[in-house]
Amino acid sequence: MSSEPITIDIISDVVCPWCFIGKRNLESALRAWREQHPEDAVQVRWHPFQLNPDLPAQGMTRRQYLERKFGGPERAKEIYARVEAAGRRAGIEFDFAAIAVQPNTVDAHRLMHLAAQHEHQDEMAEALFSGYFLEGANLADAGALAALAQRAGLPAAQAREYLAGGADRDLIEEQDRRAHAIGVEGVPFFIFNQRVALSGAQPPEVMVRTMEQSAQAPAAVQQGG
């Protein structure tokens, strides 16, 4: 369809279950797209969004978080039942019970930025989502993050050294503020070809249709669906 790469910008947080579902739905959409347009290159870029920017650096216990957000684990269980059902449809078996810590995600987003510089950003996203939602990994712990970075193709020692400093922290926080400034209120939020925006973990067929729209739309970003 086009000699230029198709760009898909994803604004998300790694502790957002709908973002993980959105990733799986996008993967299904891309498989369908490539069958129809094998000549088209696709570039996926991840951008930070913090659902809980006020959490301390070490995070808080999952129980405390659920009590603060939902009034307790029982109410959370009711709410997450819908998420679990959507996850199963996307091929994800969430294990919310395994999560012991609700983390501040600045360091996880820093790793996403580092991985992008080494062309492993999507692998890093997969490692963080899977580590957190399937294994209960503590994303506020530098050792756990370094292990996930290694899974994504980055040397663990490099990740530990990077996390020990403050590199790119201001950049991540600025990008998070920018996402809010342009009107992103919930994630995942997808922007196709910098032209058409799609909010939420939409089904793969909706994503394919939106990709088609983005190839025809004028340059200004507009809502799709």
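This tour goes through a predicted model, moving from a strand pair to a helix pair and then to two loops.

Begin by selecting residues 6-12 and residues 42-48, which are strands β1 and β2; the two pair in the parallel sense, and 7 bridges link them. Within this pair, show Thr7 and look across to β2, where Gln43 stands opposite. Then add residues 17-36, helix α1, through which the chain crosses on its way from β1 to β2, in a β-α-β crossover that is right-handed.

Next, hide these elements and select helix α4, residues 106-117, together with helix α7, residues 156-164, whose axes lie 11 Å apart and which pack at an angle of about 125°. Because of that angle, α4 counts as oblique to α7, and the crossing of the two helices is right-handed. To see the contact itself, display the side chains of Asp107, Arg110, Leu111, His113 and Leu114 in α4, which meet Gln158, Ala159, Tyr162 and Leu163 in α7. Sorted by class, this contact of α4 with α7 comprises 5 nonpolar, 2 polar and 2 charged residues.

From α4, move on to the loop between α4 and α5 (121-135) and select Glu119. The phi of Glu119 is near 60°, a positive value in a residue other than glycine.

For the last stop, go to the loop between α8 (169-181) and β5 (189-192), where Pro188 has its place. Select Val187 along with Pro188 and inspect the peptide bond that joins them, which is cis, with omega at about 10°. As background to both loop stops, most residues other than glycine have a negative phi, and most peptide bonds are trans.

How values were computed: Residues are numbered from 1 along each chain as its sequence is written. This is a predicted model: local features need pLDDT of at least 70, side-chain atom pairs count only at pLDDT 80 or more; totals for chains, interfaces and linings use all residues. Side-chain values use heavy atoms; hydrogens and water are left out. Two strands pair if DSSP finds at least two bridges between them. Helices (H or I, at least four residues) and strands (E, at least two) are DSSP runs, numbered from the N terminus. A crossover is right-handed if, with the strands pointing away from the viewer, the path from the first strand over the helix to the second runs clockwise. Axes are lines fitted to C-alpha atoms, for helices over the stretch in contact, and angles run from 0 to 180 degrees between N-to-C directions. Angles under 35 degrees count as roughly parallel, over 145 as roughly antiparallel, 65 to 115 as roughly perpendicular and the rest as oblique. A crossing is left-handed if the near helix is turned anticlockwise from the far one by less than a right angle, and right-handed if clockwise. Contact means heavy atoms within 4.5 Å. Ala, Val, Leu, Ile, Met, Phe, Trp, Tyr, Cys and Pro count as nonpolar, Asp, Glu, Lys and Arg as charged, and the others, Gly among them, as polar.
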